[in-house]
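User: Hi! I would like a close look at one part of this model, the place where two chains meet. Could you walk me through it slowly?

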Amino acid sequence: MATAKDRAPAPAALGLNDDIGEEKRLALYRSQIRLREAEQRAYDLFLQNLVKGTSHLSLGQEAIAAGFAEAMQKGDLSFCTYRGHAHTLARGVPVEKVLGELMQRDNGLMRGKGGSMHLTSEEHGVMGSYAIIGAHLPIACGAAWRAQYKGHKDVSVCFFGDGTTNIGAFHEALNFAAVWKLPVVFVCENNLYMEYTPIADVTAVPQPAADRASAYGLERILIDGNDADVVYRTAQKAFAKARAGEGPSLIECITYRHSGHSRADPGKYRPEGELEKWKERDPIKIYRERLKQFGISEDQMSDIDTEVRKEVDDATEACKAAPIPPVDILTTDVYADGGWAWRN
Amino acid sequence: MPEITYRDAVIRGIAQEMARDPDVVFLGEDVAKAGGVFKATVGLYEQFGPLRVRDTPISEQAILGAAMGAAMTGLKPIAEIMFSDFIAVCFDYIANEFPKSRYMSNGQTKCPLVVRTGNGAGSRFGAQHSQSVENWCMMIPGLKVVAPSSPRDVIGLLAAAVRDPDPVIFFEHKSLYATKGEVPDGEIVDTLGTAKVLRPGKDATILALALMVPRALEAAERLKAEHGIDAEVVDVRSLVPLDMQTILGSVAKTHRLFTVEENPRLCGWGAEIVSIVADEAFYELDGPPVRITTPHIPLPAADNLEDIVLPTPDRIVETVRRSLES
Ligand SMILES: Cc1ncc(C[n+]2csc(CCOP(=O)(O)OP(=O)(O)O)c2C)c(N)n1
Ligand SMILES: [Mg+2]
């Protein structure tokens with residue numbers, strides 16, 4: 001494996017800002033590759049009919065999940081949407097657990113009881129993935145209220161799409177969080193589309209989240225969501241503000257999904273050439289170039305690629321070999337006593 | 001025993017639990033400084049302070065969502081939805097979020113919260129501020145649903161709801177707030193999922209909930225005095241969990257079943273109970289079970305019109321008498 005000694009010249013000598021540092025940059029790279037490989041694999045498995053139901057991929061949006069998760073501390077809480085595989089993986093949940101859930105196996109995160117849209121791993125701070133648009137913004141407020149009330153220092157981070165900015169719960173949550181000065185960070189992943197309709201066709205302002213911030217007394221924050229360094233720095237700033245008791249932030253990250261909305265959506269509604277243009281701005285491509293600028297060698301990067309590929313391959317094999325969920329879990333955990341009894 | 005109002009019982013119940021457990025917090029519209037639109041939370045803000053008793057914006061989704069997020073992460077929130085009709089604007093939390101998070105996460109997510117809400121008719125508020133909507137909640141697996149009829153039950157069931165690890169929807173009847181009942185001193189904690197036989201009898205079982213309970217009791221007294229019919233009145237109290245054993249036991253004794261439901265006809269809680277009785281105690285019945293409900297219409301506002309549609313002691317007496325005589 002290549003070492004720091006092999007590389008030249010030092011970033012500082014090039015006048016580059018090395019505020020992030022090599023260790024964190026490599027972590028950001030590894031995380032993005034891991035999300036890319038796992039999501040690509042989920043898609044392949046879907047085409048093989050091994051991933052059932054629906055699935056919403058974050059291919060092309062990896063820099064946001066990686067950038068935020070790398071800025072989070074243990075104990076910080078993530079609230080995700082149905083497009084939540086990437087955010088779940090980015091908090092350190094094993095690939096096998098996520099693919100297992102997508103493949104409806106007993107080794108899945110929730111043993112097949114939740115499915116792709118509801119990934120939850122509280123031990124990793126992943127407090128659920130929510131499939132009703134907007135529902136989790138108020139819920140994230142509540143978790144942040146608990147932190148405020150108990151004097152805990154954790155931050156609640158809530159991810160959602162551009163389309164979500166037009167539902168009532170978004171506006172209720174933003175106002176509530178601002179009035180109560182809650183340690184919550186709202187992250188809008190603006191991938192330019194709802195399911196199939198361009199967000200611009202249905203929104204009164206050009207930037208669906210950023211242009212609403214002032215209505216809630218918040219700073220307008222609009223960033224390049226395909227540059228993991230930019231995302232990471234923005235996240236750090238917002239988290240510091242939240243931990244200092246200075247209230248919520250709303251961050252709009254511009255990005256683009258490379259795949260369709262869900263399942264095998266071919267994305268026919270996109271103008272010709274749009275996807276190709278955005279692939280030029282692929283977050284992973286951008287980041288590989290960034291790392292090169294900082295003197296990280298191709299070898300170092302491909303070592304990471306190989307390790308990640310192996311993790312995803314091993315996870316895939318483990319899931320293929322795993323049993324389907326036993327029927328006796330059907331009626332467990334409806335109520336806190338572990339069962340489902342509604343009468344005596 | 002000292003008598004207090006149903007309204008004061010709400011205050012005492014919340015205060016009892018907040019004093020016991022610092023993780024109990026309370027939020028809602030106009031509940032803190034103003035003491036609630038029904039004055040059922042007066043003094044809590046002064047007693048427990050602004051960190052634990054909080055006024056919210058008019059944002060029902062934010063209220064219930066925030067309660068859920070707090071519950072998931074360690075608090076035991078009590079959230080108020082001012083009128084139960086407004087549950088319709090935050091129904092996502094009631095129908096999709098509270099009751100399903102534990103199941104979907106394979107037991108990882110907890111949701112120990114209480115939603116208190118002013119339910120029911122009698123105030124001439126019209127169709128959007130008068131409904132009894134407990135049936136909306138009863139149909140959802142994962143929720144618990146409670147509707148007390150007396151001050152003592154308010155305190156005891158509220159305490160049980162706050163201490164319960166599952167989400168509980170707690171229906172307070174607006175027309176009962178001013179009613180009084182005996183309440184012993186000291187801590188009161190009841191048990192969810194228990195019905196209560198309030199008046200023993202041998203000729204007919206009358207099941208009732210909330211405001212219908214005093215009406216059923218009055219009807220039972222008149223049935224006895226005027227017609228020699230000895231009715232047993234059971235306060236169902238808790239729709240989920242449902243105490244079918246008490247109900248089946250009563251039917252096995254009286255062999256006749258009547259339900260008194262404030263709700264419109266279709267899919268009422270009484271229909272569910274009648275179907276269970278038909279399944280499990282059909283041969284105990286000496287006649288068809290009879291449901292006494294409001295007609296399947298929105299609630300009107302005018303005194304005389306609202307009075308006609310709600311089940312009254314008169315209607316209960318007449319229905320039971322005719323059924324038993326036929
Ligand atoms: C309340 C609600 N309305 C509609 C839907 C159906 N739906 C699922 S995803 C989606 C698009 C959401 O768009 P956006 O917020 O931009 O997120 P993205 O999928 O682009 O990540 C819609 C309309 C839903 N799940 N919930
Ligand atoms: Mg979108």
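How many residue pairs are in polar contact across the interface of chain B and chain A?

Analyst: Happy to help! This is a predicted model, where local features need pLDDT of at least 70, side-chain atom pairs count only at pLDDT 80 or more, and totals for chains, interfaces and linings use all residues. Residues are numbered from 1 along each chain as its sequence is written, chains are lettered from A and ligands numbered from 1 in the order in which they are written, and side-chain values use heavy atoms, with hydrogens and water left out.

Now your question: the rule finds 25 residue pairs in polar contact across the interface of chain B and chain A, both at pLDDT 80 or more. A polar contact is a pair of N or O atoms within 3.5 Å; within protein, one must be able to donate a hydrogen and the other to accept it, and residues adjacent in sequence count only if both atoms are side-chain atoms.

On the side of chain B that touches chain A, α3(B) gives the largest share, 9 residues. By class, that side has 23 nonpolar, 15 polar and 12 charged residues (Ala, Val, Leu, Ile, Met, Phe, Trp, Tyr, Cys and Pro count as nonpolar, Asp, Glu, Lys and Arg as charged, and the others, Gly among them, as polar).

Charged partners meet here too: the count between chain B and chain A is 2 salt bridges (a side-chain nitrogen of Lys or Arg within 4 Å of a carboxyl oxygen of Asp or Glu). One of them joins the side chains of B:Asp23 and A:Lys150, at 3.1 Å from N to O.

In all, 50 residues of chain B are in contact (heavy atoms within 4.5 Å) with 41 residues of chain A.

Technical notes:
Helices (H or I, at least four residues) and strands (E, at least two) are DSSP runs, numbered from the N terminus.
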